[in-house]
Amino acid sequence: DITAMAGTDYEDTEGELVFENTEMSALIKVQIKALGRYDRESQFRLILSWPEDDKLRGGAKFNPETDGGEDACILTVVIVGDRRTKERVDKVQRILDRTLERSMIGTSHWTE
């Protein structure tokens, strides 16, 4: 976890990826939880590491020039809010602010 919290921002996931001979990629599904993110960004890391049994590597290697070096591969996942949703929320907020302001002006001369 960096700023995103497992169980709150996303479902904690762990498991084993098995690459068949000649496979170069695989899919890992991580469930991101909808929290009504508005204007914040959260991050977490996905870390791939070698199996404890070196015989299972089958000659595969991690790129030593990337995060994690020879021992692991680290991916930083950034969760951001939807821009269109933010624009709609901002628009509704402006309308509500104007409506509140008008009602305060309209009732300012009322006496109790």
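**Notebook: surface patch, largest pocket and pairs distant in sequence**

I began at the surface, where Leu17, Phe19 and Ile28 make up a nonpolar patch. Together these three residues have about 230 Å² of accessible area. I note at the outset that this is a predicted model.

**Entry: Leu17.** I looked up the position of Leu17 and found this residue in the segment before β1. Is Leu17 buried or exposed? I recorded a relative accessible area of 34%, so Leu17 is partly exposed. Residues in a patch need over 30% relative accessible area, and Leu17 has 34%.

**Entry: the chain as a whole.** I then turned to the secondary structure and counted 1 helix and 2 strands. Read along the sequence, these elements follow the order β-β-α. I also looked up burial: the chain has 112 residues, of which 10% count as buried.

**Entry: the largest pocket.** I noted a volume of about 1,200 Å³ for the largest pocket. Its lining comprises 36 residues, and those closest to the centre are Glu16, Leu17, Phe19, Leu48 and Ser49. Leu17 and Phe19 therefore stand both among the residues closest to the pocket centre and in the nonpolar patch, while Leu17 itself is partly exposed. Which element gives the largest share of the lining? I found that strand β1, residues 41-49, does so with 6 residues. Sorted by class, the lining holds 18 nonpolar, 8 polar and 10 charged residues.

**Entry: Glu16.** I returned to Glu16, one of the residues closest to the pocket centre. Glu16 lies in the segment before β1. Its relative accessible area is 71%, so Glu16 is exposed; the cut-off for that class is over 50%. I also checked Glu16 against Trp50: the two are 34 residues apart in sequence, and their C-alpha atoms are 9.9 Å apart in space.

**Entry: Met24.** I placed Met24 in the segment before β1. Met24 counts as exposed because its relative accessibility is 78%. For the pair Met24 and Ala60, I noted a separation of 36 residues in sequence and a C-alpha to C-alpha distance of 9.8 Å.

**Entry: Ile74.** I looked next at strand β2, residues 72-80, in which Ile74 lies. Why does Ile74 count as partly exposed? I recorded 27% relative accessibility for Ile74, and the partly exposed class falls between the buried limit of under 20% and the exposed limit of over 50%. Ile74 and Ser49 are 25 residues apart in sequence, with 8.7 Å between their C-alpha atoms. Ser49 had already appeared in my pocket entry as one of the residues closest to the centre.

Key: Residues are numbered from 1 along each chain as its sequence is written. This is a predicted model: local features need pLDDT of at least 70, side-chain atom pairs count only at pLDDT 80 or more; totals for chains, interfaces and linings use all residues. Side-chain values use heavy atoms; hydrogens and water are left out. On a 1 Å grid over the protein atoms alone, a cavity is a set of points where a 1.4 Å probe fits but cannot get out, and a pocket is an open set with protein on both sides within 12 Å along at least five of seven lines; lining residues have an atom within 4 Å of a point. Grid points are joined across faces, edges and corners, and a volume is the space filled by probe spheres set on the points. Helices (H or I, at least four residues) and strands (E, at least two) are DSSP runs, numbered from the N terminus. Ala, Val, Leu, Ile, Met, Phe, Trp, Tyr, Cys and Pro count as nonpolar, Asp, Glu, Lys and Arg as charged, and the others, Gly among them, as polar. Patches are made of residues with over 30% relative accessible area and no salt bridge: like charges are joined within 9 Å, nonpolar side chains (Val, Leu, Ile, Met, Phe, Trp, Tyr) within 5 Å. Accessible areas come from the Shrake-Rupley method with a 1.4 Å probe; for residues, only the protein chains shown count as cover. A salt bridge is a side-chain nitrogen of Lys or Arg within 4 Å of a carboxyl oxygen of Asp or Glu. Buried means under 20% relative accessible area, exposed over 50%, partly exposed in between (1.4 Å probe, protein chains only).
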